[in-house]
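Dear colleague,

Please find below the structure that I am handing over to you. My findings follow it.

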Amino acid sequence: MGELRGTHVPVLLERCLELLAPALGRNGRTVHVDATLGLAGHAEAVLEAHPNTVLIGLDRDTEALAHARVRLARFADRVHLEHAVYDELPEVLDRLGYPAIDGALFDLGVSSLQLDAADRGFAYAQDAPLDMRMDQTRGVTAEEVVNTYSHPELARVLRVYGEEKFAGRIASAIIRERERARITSSARLAELVRESIPAPARRTGGHPAKRTFQALRIEVNRELAALESALPAALDKLTVGGRLVVLSYHSLEDRLTKHALADRVRSTGPIDLPVELPGSGPTFRLLSRGAELPGEAEVAANPRAASVRLRAAERIDPNAAQQGRTDRERYRRRVKAMHQPGTATTGSGADPAPPGDGSGTDEEGEGT
Ligand SMILES: C[S@@+](CC[C@H](N)C(=O)[O-])C[C@H]1O[C@@H](n2cnc3c(N)ncnc32)[C@H](O)[C@@H]1O
């Protein structure tokens with residue numbers, strides 16, 4: 001293991017601890033999953049704050065796990081560190097003998113260890129072989145993607161995962177260049193992207209290669225597919241009162257998180273029934289209103305926090321879904337009042353929000 005490169009300041013650490021505390025600080029042993037262990041900044045703080053908590057830490061990056069193992073050595077008797085992709089969580093829990101968990105944290109994306117590593121190819125700002133695999137023991141590299149995908153495949157990856165307006169132009173430039181010589185370095189790719197973007201666009205929105213590098217990283221690591229199955233799996237494992245916190249760094253991750261939570265916080269029963277049918281009430285309540293953003297002080301101290309969006313939820317007892325029922329009754333009264341002339345309503349004149357819909361999750365813009 002090499003010396004630790006760069007420093008990693010855990011993002012929104014105090015807020016994560018505050019959100020997890022009611023679930024992890026309960027009586028008896030509690031179990032916390034850090035699905036993206038990284039350099040174990042969040043994990044260490046959780047273990048310090050909760051002496052009765054067992055930590056299960058997952059990371060697909062063996063180098064991150066090695067650093068985390070050193071950092072967490074003093075907690076070794078209540079820590080399990082696993083080399084796994086987070087969508088393997090159910091199998092990991094089965095193998096370790098934990099049928100349920102009390103807390104889960106997903107701090108998505110790359111770590112500063114990966115970004116700062118000169119040899120891993122994640123950063124457009126420094127030259128390196130085009131690898132970008134978080135798990136260097138398996139999978140295809142960014143070099144293979146860039147040199148073998150067809151024009152439509154490349155353009156789709158850049159457009160969908162990078163939200164890149166000039167995806168077609170960049171894909172054409174890549175194809176032209178690789179006919180001349182195989183593209184093997186991050187610096188060459190970053191230069192190609194810069195050259196393919198119209199000059200006025202180069203001057204806005206940060207480095208022109210940022211979106212292309214993000215897109216390739218997501219494709220290489222199949223990040224969204226893993227997240228799409230990992231979030232429901234983690235939610236399923238939470239005990240009543242158990243809590244999930246997710247930190248996303250781009251709108252695609254945040255959108256997936258928003259929908260995974262919205263699915264659980266809404267009632268599935270008919271809207272016009274006065275009471276919830278058994279089993280149709282919400283199974284979670286949101287702990288964040290929309291997506292929480294970092295404060296100015298945090299961004300000033302930790303630039304990596306600038307794009308973070310936090311969402312969190314708590315499992316509730318579906319059979320005691322009093323909250324959902326109360327919301328429904330209040331909603332029904334408001335609807336009725338709106339149809340009775342001269343009766344005061346919400347005062348805004350707007351339609352009342354339906355109950356159990358995720359408290360503003362669906363009506364807000366993507367990534368907000
Ligand atoms: C932002 S870092 C986490 C930093 C960590 N919270 C800390 O305080 O040090 C994200 C980590 O998640 C890992 N990771 C990303 N996607 C993953 C996945 N699908 N499965 C497992 N680990 C993943 C990365 O390898 C990286 O080490």
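For the packing described here, two residues are in contact if their C-beta atoms, placed from the backbone, lie within 7 Å. Please note that this is a predicted model.

I begin with helix H9, which spans residues 186–196. Its buried residues are Ser186, Leu189, Ala190, Val193 and Ser196. They cover an arc of only 130 degrees around the axis, and therefore lie on the same side of H9. The partners against which the buried residues of H9 pack are three helices: H6 (142–148), H8 (167–180) and H11 (210–220).

The next element is strand S5, residues 238–248. Because eight of its 11 residues are buried, S5 is largely enclosed by the rest of the structure. S5 is paired with strand S4 (residues 101–107) through six bridges, and these two strands run parallel. In this pairing, Leu247 of S5 stands opposite Asp107. Six bridges also connect S5 with strand S7 (residues 309–315), here in an antiparallel arrangement. Val246 has Arg311 of S7 as its bridge partner.

Asp107 appears again at the ligand. There are 20 residues around the ligand, of which Thr36, Gly38, Gly41, Asp61 and Asp107 come nearest. At least two residues of this shell are supplied by helix H2 (41–49), and at least two by strand S2 (53–59). Sorted by class, the shell contains nine nonpolar, seven polar and four charged residues.

With kind regards

Conventions
Residues are numbered from 1 along each chain as its sequence is written. This is a predicted model: local features need pLDDT of at least 70, side-chain atom pairs count only at pLDDT 80 or more; totals for chains, interfaces and linings use all residues. A residue is near a molecule or strand if its C-beta atom, placed from the backbone, lies within 6 Å of it. Helices (H or I, at least four residues) and strands (E, at least two) are DSSP runs, numbered from the N terminus. Ala, Val, Leu, Ile, Met, Phe, Trp, Tyr, Cys and Pro count as nonpolar, Asp, Glu, Lys and Arg as charged, and the others, Gly among them, as polar. A residue is buried if 20 or more other C-beta atoms lie within 10 Å of its own, exposed if 12 or fewer, and partly exposed in between; C-beta atoms are placed from the backbone. The arc is that of the directions from the helix axis to the C-beta atoms. Two strands pair if DSSP finds at least two bridges between them.
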